[in-house]
Amino acid sequence: MDTARYSRLFQSEGRELVSRLNESLLALERDADPLAHVQALFRAMHTMKGMAAAMGYGSMAAVAHAAEEVLERLREGSDTPDEALVDALFATADWLESALERVADDDAEPDASPVIALFVRVAESANTNSDRRVSVRLRQDAPLAGVRALMLLQAARKLGSVRAVVPHEHSLGDLQELRDLSFVFESACESSTIDLALRSVGDVEGVRVESISPDGVQKLDSLLPDATLQPKTPLPGVRDAHTSMARVEVRRLDSLMALTGELVIARGHLIARATELADASLLASASRLSRLVGELQEEVLATRMVQAGMVFDRFPRFVRDTARKLGKNVEFVLDGREIELDRALLDEIGEPLIHLLRNAVDHGLEAADERVRAGKPAAGRLTVAVVRERDGVVIRVSDDGRGVNRDAVLARARATGLVPAETAELSDDDLLRVLAASGLSTRESVTELSGRGVGVDAVVTVASRLGGTVDLKTTAGQGTIWSLRLPATLAIVRALLARVGNETYALPATHVRATADLADIQKATVRGRDVIVLGEDVLPVVRLREVVGLERQDLLHQDVVVLAAEDRRVGLLVDELLVQEEIVVKPFDAAREGARLFSGATVLPSGEPALIVDVGSLL
């Protein structure tokens with residue numbers, strides 16, 4: 001079988017299985033009734049083993065099988081899951097994830113021995129009085145060393161029970177340069193009898209038989225059974241939940257989206273020309289084509305939309321591992337995982353959210369004893385919530401920790417010149433601006449998790465590039481909330497087109513709150529700055545002409561666009577408002593001075609380009 005054609009499918013399926021393993025292991029740690037989670041783990045591991053074996057990845061199949069055997073004993077109730085065993089299973093999931101990435105790069109599978117050795121230690125820790133560790137060294141010139149190792153195991157089984165083998169038994173037949181073999185052995189025979197039986201196999205240089213002492217080893221209830229790769233009967237009623245779905249390469253979706261964008265642009269050209277010619281037949285055809293293109297656009301956009309959980313499901317494992325490194329107890333909550341977002345957006349926002357989660361666990365949440373003294377539950381609560389808002393989405397990362405230390409941030413900001421020396425306090429907006437300064441850190445020393453001055457700046461940079469904004473609210477002793485407001489899709493958005501001079505600019509409709517003729521609005525000056533009065537609101541005026549570097553002109557007619565992001569609003573003054581329509585977002589390389597002013601570009605129905613204003617950066 002030519003496995004190359006199935007390689008990408010295997011990697012995609014494998015990553016989903018690893019995600020399921022991590023999710024089930026986290027649930028296993030929390031749940032007092034673990035059987036359902038053990039069943040899910042067993043099914044995922046059994047599927048991984050079968051897939052890896054079919055693809056010829058022997059090490060992956062061996063590791064999955066070793067874990068599967070332990071899970072089988074848990075299913076039968078002969079063993080119970082404890083912390084050390086769960087850690088070994090987490091390590092197995094990590095190794096499988098690493099192996100998937102290695103084979104994706106056409107590299108060899110990583111060494112499976114360290115993972116198999118974890119289960120050997122599990123077996124050693126559950127020893128009885130008759131358990132021994134047997135180590136055998138073969139002669140260096142032994143022919144067919146792997147086969148000789150299999151013969152050694154066969155001889156050992158005549159005297160007792162072999163519980164765990166390193167290297168794994170499934171891989172021995174392919175190891176022709178093997179020198180060392182070890183296994184956990186349960187037998188009532190004398191050590192000399194075991195030694196003699198194994199030497200009689202031939203090509204054996206030395207045998208060491210040791211009693212396993214539980215001293216210094218945490219007691220485990222799990223033993224690794226005889227590790228032979230035998231197919232097991234699948235659980236009844238288990239079916240692939242994705243049989244009605246087809247997998248499509250991401251590059252094909254991107255290409256389809258680009259072509260659809262060109263169709264939308266061409267539709268605009270056609271409608272404009274048909275209107276200009278006033279041809280009824282042409283207008284009718286253009287109208288029908290416009291409807292079909294619109295439907296096609298909706299379907300293509302839907303193919304790019306995936307549930308937030310597809311990316312965010314890795315967060316619980318990350319939070320768990322980070323909290324354990326720091327010796328903290330953290331309860332993690334993920335809300336809104338079913339909300340669909342543009343796949344491209346999810347790909348971009350994953351790492352910035354990891355920064356926020358790391359900061360929350362490391363800086364925000366207190367240790368258990370400190371929380372108890374403050375009258376809080378010993379376990380800190382960390383939440384990621386995804387909610388719909390107008391035409392976009394809001395991702396909130398919140399914790400109930402100590403809040404951002406404003407005094408420490410202010411002191412460091414003064415020392416680095418980010419704020420004037422006379423600054424007495426920082427508002428939430430000021431705090432965000434200072435924290436987003438590249439390289440700022442309140443840590444005195446660099447650790448594995450913190451102190452390098454990266455994190456918040458990466459979050460703000462990515463959100464801005466995606467056409468979104470970041471908001472920070474923090475209260476001392478109560479916690480911190482980070483809010484990322486982002487468009488639901490990055491491909492096609494509704495925008496208000498405005499003209500300044502001879503250029504046209506696009507304002508994302510999700511940030512537009514109102515429009516008006518400047519002549520109809522009450523104007524005033526506050527502290528030397530122009531403002532407009534809308535009802536009870538007084539808004540500062542920003543002239544788009546000055547923003548893009550054109551000379552200020554007092555025209556007879558100008559329009560005002562009220563833009564809003566978070567709780568900030570501004571009146572943007574433009575020469576003329578044109579029309580509101582859907583635009584195809586195209587990335588572009590901005591000049592250094594304009595990099596933070598524009599989030600992309602588009603092509604208008606007239607064929608002219610237009611820059612898309614980044615409202616978050618403008619505000």
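The buried residues of helix α2 are covered by elements that include α1 (7-30), α3 (58-76) and α4 (83-104). In this predicted model, the buried positions of α2 are H37, V38, L41, F42, A44, M45, H46, M48, K49, M51, A52 and M55. The length of the helix was compared with expectation. At 1.5 Å a residue, the 21 residues of α2 (residues 35-55) should span 30 Å, and the C-alpha atoms at its ends are 30 Å apart, which agrees. The residue that follows α2 is G56, and its phi is positive, near 85 degrees.

Helix α1 also takes part in a second packing arrangement. Two packed helices are described by the angle between their axes and the distance between the axes. For α1 and helix α11 (residues 315-326), the angle is about 50 degrees and the axes are 9 Å apart. Angles from 65 to 115 degrees count as roughly perpendicular and those under 35 degrees as roughly parallel; α1 is therefore oblique to α11. On the α1 side, the contact is made by N22, L26 and E29, while α11 contributes P316, R317, R320 and R324. Sorted by class, this contact of α1 with α11 has four charged residues, two nonpolar residues and one polar residue.

The chain as a whole has 18 helices and 22 strands. Of its 619 residues, 46% count as buried. Among contacts in the chain between residues at least 6 apart in sequence, 70% join residues at least 24 apart.

Two open sheets are described next. One is formed by five strands in the order β6-β8-β9-β11-β10, with mixed pairing. Its edge strands, each of which pairs on one side only, are β6 (330-335) and β10 (469-475). On average, neighbouring strands of this sheet are turned by 10 degrees against each other when direction is ignored. Within the sheet, strand β9 (residues 392-399) and strand β11 (residues 479-487) run antiparallel and are joined by eight bridges. At one position along this pair, D399 stands opposite T480 in β11.

Helices pack on this five-stranded sheet. Helix α15 (residues 428-435) touches β10 and β11, and its direction makes about 115 degrees with that of β10. Helix α16 (residues 456-465) likewise packs on the sheet and touches β10 and β11; the direction of α16 makes about 145 degrees with that of β10.

The other open sheet contains six strands in the order β14-β18-β19-β17-β16-β15, and its pairing is also mixed. Here the edge strands are β14 (512-517) and β15 (522-526), each pairing on one side only. Neighbouring strands of this sheet are turned by 35 degrees against each other on average, again with direction ignored.

Strand β18 (residues 559-565) runs antiparallel to β14, and five bridges join the two strands. Individual partners can be named along this pair: A516 is matched with V560 in β18, and T515 is matched with V561 in β18. Strand β18 also pairs in the antiparallel sense with strand β19 (residues 568-574), over seven bridges. In that pairing, A564 has R569 of β19 as its bridge partner.

The surroundings of β18 were examined further. The strand is mostly covered, with seven of its seven residues buried. This burial applies to both faces: D559, V561, L563 and A565 are buried on one side, and V560, V562 and A564 are buried on the other. Residues already named as bridge partners thus recur in this account, with V561 paired to T515 and V560 paired to A516.

A further antiparallel pair is formed by strand β21 (residues 598-603) and strand β22 (residues 609-613), which are joined by five bridges. Within this pair, the bridge partner of G600 is I612 in β22. The two strands form a hairpin with five residues between them, and G607 in the turn has a positive phi of about 95 degrees.

How values were computed
Residues are numbered from 1 along each chain as its sequence is written. This is a predicted model: local features need pLDDT of at least 70, side-chain atom pairs count only at pLDDT 80 or more; totals for chains, interfaces and linings use all residues. Side-chain values use heavy atoms; hydrogens and water are left out. Helices (H or I, at least four residues) and strands (E, at least two) are DSSP runs, numbered from the N terminus. The expected span of a helix is 1.5 Å times one less than its number of residues. Buried means under 20% relative accessible area, exposed over 50%, partly exposed in between (1.4 Å probe, protein chains only). Contact means heavy atoms within 4.5 Å. Two strands pair if DSSP finds at least two bridges between them. Axes are lines fitted to C-alpha atoms, for helices over the stretch in contact, and angles run from 0 to 180 degrees between N-to-C directions. Angles under 35 degrees count as roughly parallel, over 145 as roughly antiparallel, 65 to 115 as roughly perpendicular and the rest as oblique. Ala, Val, Leu, Ile, Met, Phe, Trp, Tyr, Cys and Pro count as nonpolar, Asp, Glu, Lys and Arg as charged, and the others, Gly among them, as polar.
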